[in-house]
Amino acid sequence: MFGKLFGRGGERPVADPHALPVPRRQKHGMYTLRALGDTRVLALVEAADAGDWEAVKAALVPFDLGRDHQVLGELADLDGVQDWIGRAVEEDKEHRATALLISGTRHISWGWEARTAARAVNVTQEQWRVFHERLHIAEEQLLEAAELRPDWVTPWRRLLTSGRGMSLGPAVNETRRDAALRRDPLDLETHLEWVSQLQPRWGGEPGQALAFAQEALARAPQGHRLGCVIAMAYIEEWVEAERGDYLETAEIQAQLREAADHSILHPAYAYRPGWQQDFNMFAMALSLAGERHTVRRVFQTLDGAYTSWPWTYFAEPEKQFARHHRRA
């Protein structure tokens with residue numbers, strides 16, 4: 001659906017008939033991406049925000065919610081979905097699996113909203129109770145959705161998140177990871193979730209996540225977005241490190257350049273709704289590594305489009321994006 005145009009200094013996706021108009025830019029020429037930058041996704045979000053299940057189903061027609069993690073994520077992060085999606089689960093037998101998937105995924109995000117991003121020692125007993133209550137509902141609903149639609153990947157990837165939150169242990173989570181990757185061995189979001197789970201702060205060993213990411217990149221076809229797993233693995237390494245300049249080595253810069261050229265900057269890369277997040281991952285990783293050449297191509301292709309993830313690892317994510325965007 002998309003190709004590339006070669007313009008000043010970098011690649012650009014060709015005009016997309018479903019692209020949202022770029023909003024008024026903020027200072028430094030940046031803007032926050034909305035609804036994956038896609039008019040169809042915006043229609044879906046607006047229908048969900050209005051609690052209109054029939055309109056939600058109509059807006060979902062262009063998408064495969066059982067495989068498109070980013071579209072599902074737009075619904076998961078929308079406050080208020082939890083107030084009406086339960087009725088769809090109970091009343092719409094034909095689309096029960098879809099309603100369960102949306103509800104279960106929303107309950108995970110809703111659970112983390114209750115827990116907050118505070119360190120575990122600072123989470124209150126009441127916050128833990130609500131957190132686990134919502135994750136328990138999510139587990140039941142996602143497992144049923146997976147049973148109803150055995151071909152779907154997204155329930156298993158989300159079950160990895162709830163399993164981590166509920167401390168279900170490596171055996172359960174490895175089974176869920178394998179279930180997702182059997183359905184799509186190149187699924188980026190499953191790989192990203194596993195990179196997170198392998199971090200020392202979640203019980204992993206130093207170096208495990210990076211080794212997993214490097215093995216995944218070696219399997220990825222040229223132009224496949226799975227290459228983003230390298231960018232996130234190094235961002236996670238930076239989060240775990242005690243030094244802000246941890247990634248500033250020639251070796252890491254070279255690995256990130258190679259991964260970017262293999263994936264998002266390759267002519268075979270497919271621009272899809274939300275492609276800007278793939279580029280934001282590399283923009284942050286390359287910036288942290290102090291890389292000066294490939295990062296310019298990445299920021300030029302983004303043309304100011306900011307996605308909160310993964311910049312939320314910074315205390316002031318928008319300011320950090322703007323600073324690195326300006327430097328590039």
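**View 1. Ala35 sits in the loop between β3 (31-32) and α1 (39-49).** Welcome to the first close-up of this predicted model. The residue to look for here is Ala35, whose phi is positive, at about 50°, although Ala35 is not a glycine. Most residues other than glycine have a negative phi.

**View 2. A cis peptide bond joins Trp309 to Pro310.** Omega for this bond is near 5°. As a reminder, most peptide bonds are trans. To find your bearings, look for Pro310 in helix α15. Trp309 will come back in the pocket view below, since α15 (308-311) is among the elements that give two or more residues to that lining.

**View 3. Helices α6 (residues 125-148) and α7 (residues 154-165) pack with their axes 10 Å apart.** The angle of the pair is about 155°, which means that α6 is roughly antiparallel to α7. The crossing of α6 past α7 is left-handed. On the α6 side, you can pick out Phe131, His132, Leu135, Glu139, Leu142, Leu143 and Ala146. They meet Pro155, Trp156, Arg158, Leu159, Ser162, Gly163 and Gly165 of α7. By class, the residues of this contact of α6 with α7 come to 8 nonpolar, 4 polar and 2 charged.

**View 4. Helix α11 packs against helix α12 (residues 250-262) at an angle of about 150°.** The axes of α11 and α12 lie 8 Å apart. Because angles over 145 degrees count as roughly antiparallel, α11 is roughly antiparallel to α12. Here, too, the helices make a left-handed crossing. From α11 come Ile230, Ala231 and Tyr234, while α12 brings Ile252, Gln255, Leu256 and Ala259 to the contact. The contact of α11 with α12 has 6 nonpolar residues, 1 polar and no charged.

**View 5. The largest pocket has a volume of about 2100 Å³.** A good place to start is the centre of the pocket: of the 47 lining residues, Trp112, Arg164, Trp309, Thr312 and Tyr313 are the closest to it. From there, follow the helices that give two or more residues to the lining: α3 (69-76), α5 (96-115), α6, α7, α9 (188-197), α11 (228-240), α13 (275-288) and α15 (308-311). The lining of the largest pocket divides into 19 nonpolar, 15 polar and 13 charged residues. You have already met some of these elements, including α6 and α7.

Notes
Residues are numbered from 1 along each chain as its sequence is written. This is a predicted model: local features need pLDDT of at least 70, side-chain atom pairs count only at pLDDT 80 or more; totals for chains, interfaces and linings use all residues. Side-chain values use heavy atoms; hydrogens and water are left out. Axes are lines fitted to C-alpha atoms, for helices over the stretch in contact, and angles run from 0 to 180 degrees between N-to-C directions. Helices (H or I, at least four residues) and strands (E, at least two) are DSSP runs, numbered from the N terminus. Angles under 35 degrees count as roughly parallel, over 145 as roughly antiparallel, 65 to 115 as roughly perpendicular and the rest as oblique. A crossing is left-handed if the near helix is turned anticlockwise from the far one by less than a right angle, and right-handed if clockwise. Contact means heavy atoms within 4.5 Å. Ala, Val, Leu, Ile, Met, Phe, Trp, Tyr, Cys and Pro count as nonpolar, Asp, Glu, Lys and Arg as charged, and the others, Gly among them, as polar. On a 1 Å grid over the protein atoms alone, a cavity is a set of points where a 1.4 Å probe fits but cannot get out, and a pocket is an open set with protein on both sides within 12 Å along at least five of seven lines; lining residues have an atom within 4 Å of a point. Grid points are joined across faces, edges and corners, and a volume is the space filled by probe spheres set on the points.
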